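I opened a fresh page for this one and kept my notes short. Have the viewer at hand while you read along.

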Amino acid sequence: MAPPRRKVLATAEETMIPPDELAETHYIARALKATGNNIYQIEFPDKSQMLVELPARFRSTFWIKRGSYLLVDTKAQEERDNKIGGEIINIVRDEKAWRKAPFWPKEFVKQPVVAANSDSDSEEESRVGRMPSSDESDA
């Protein structure tokens, strides 16, 4: 059975707003890949990697894509003796608001979007997918 809608909406609302400050054991990381069974491989700003677990409250509610940013608690899994080094406590959904926070790592810079046809030197435009002009003859 699916969780109640009010619970899903409360979880979604909570992930939109960044906290005022982070605890000592909380870090922002980037998702590298899903390894299965709600376990994700993440990368910290210093390029170190770790396996973290997605808690039950986020399962079937949010899907984490490669390159997404996560807030990870490294102390949550301390008592367990396995390869999992932390737990995802928040998923960065409103990246613009999170980037304004003072604790956002400088190493996670926003990648500029490059236009596909940014070659302004070429005089002739690409005509792929366009209708022929009415000036052209069919001869």
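These entries go from the whole chain to single residues.

**Entry 1: the overall layout**

I noted at the start that this is a predicted model. I then looked up the element count, and the protein chain has 2 helices and 5 strands. Reading from the N terminus, I got the order α-β-β-β-β-β-α.

I also checked burial over the chain: of its 139 residues, 30% are buried. For contacts between residues at least 6 apart in sequence, I found that 59% join residues at least 24 apart.

**Entry 2: the barrel**

How are the 5 strands arranged? They make a closed barrel in the order β1-β2-β3-β5-β4, and the pairing is mixed. From one strand to the next, the twist averages 55 degrees.

I went through some of the pairings one by one. A reminder to myself: strands of a sheet pair through backbone hydrogen bonds, in either the parallel or the antiparallel sense.

- β1 (residues 26–36) and β2 (residues 39–43) run antiparallel and are joined by 5 bridges. One residue to click on is A31, whose bridge partner in β2 is I42.
- β1 also pairs with β4 (residues 69–73), antiparallel and over 5 bridges. Here A29 has L70 of β4 as its bridge partner.
- β3 (residues 49–53) and β5 run parallel, with 3 bridges between them. E53 has E87 in β5 as its bridge partner.

**Entry 3: the turn between β1 and β2**

I stopped at the hairpin that β1 and β2 form, which leaves 2 residues between the strands. Both N37 and N38 sit in this loop.

The backbone angles caught my eye. N37 is not a glycine, yet its phi is positive, at about 55 degrees. N38 is likewise a residue other than glycine with a positive phi, near 60 degrees.

Are these loop residues exposed or partly exposed? N37 has 73% relative accessibility, so I put it down as exposed, the cut-off being over 50%. N38 has 29%, so it goes down as partly exposed.

**Entry 4: helix α1**

Next I looked at α1 (residues 5–16), which has 12 residues. From its first C-alpha to its last it reaches 17 Å, close to the 16 Å expected at 1.5 Å a residue.

Which residues of α1 are buried? I found T11, A12 and T15. Looking down the helix axis, I see the buried residues fall within an arc of 100 degrees, so they line one face of α1. Their cover includes β5 and α2 (95–99).

I picked E13 from the same helix for a separate check. Its relative accessible area is 49%, so E13 counts as partly exposed, since exposed needs over 50%. I also took a C-alpha distance from E13 to R93: the two are 80 residues apart along the chain, and their C-alpha atoms are separated by 9.9 Å.

**Entry 5: N90 in β5**

N90 belongs to β5 (residues 84–91). Is its side of the ledger buried or exposed? N90 has a relative accessible area of 7%, so I wrote it down as buried, the limit being under 20%.

I then listed the contacts of N90, leaving aside neighbours within four places in sequence. They are E14, T15, F58, L70, L71 and W98. Two of these names had already come up in my notes: T15 as a buried residue of α1, and L70 as the bridge partner of A29.

**Entry 6: aromatic rings**

My last search was for ring pairs. A pair of aromatic rings is described by the distance of the centres and the angle of the planes. The count came to 6 aromatic pairs.

I looked at Y69 and W104 in detail. Their ring centres are 5.0 Å apart and their planes stand at 70 degrees, so the pair is edge-to-face. Y69 lies in β4 and W104 in the segment after α2, so the pair ties together parts that are 35 residues apart in sequence. Both Y69 and W104 are buried. With F108 they form one aromatic cluster.

Note on methods. Residues are numbered from 1 along each chain as its sequence is written. This is a predicted model: local features need pLDDT of at least 70, side-chain atom pairs count only at pLDDT 80 or more; totals for chains, interfaces and linings use all residues. Side-chain values use heavy atoms; hydrogens and water are left out. Two strands pair if DSSP finds at least two bridges between them. Helices (H or I, at least four residues) and strands (E, at least two) are DSSP runs, numbered from the N terminus. Buried means under 20% relative accessible area, exposed over 50%, partly exposed in between (1.4 Å probe, protein chains only). Contact means heavy atoms within 4.5 Å. The expected span of a helix is 1.5 Å times one less than its number of residues. The arc is that of the directions from the helix axis to the C-beta atoms. Rings of Phe, Tyr and Trp (its six-membered ring) pair if their centres lie within 6.5 Å; planes under 30 degrees apart count as stacked, over 60 as edge-to-face and the rest as tilted. Axes are lines fitted to C-alpha atoms, for helices over the stretch in contact, and angles run from 0 to 180 degrees between N-to-C directions.
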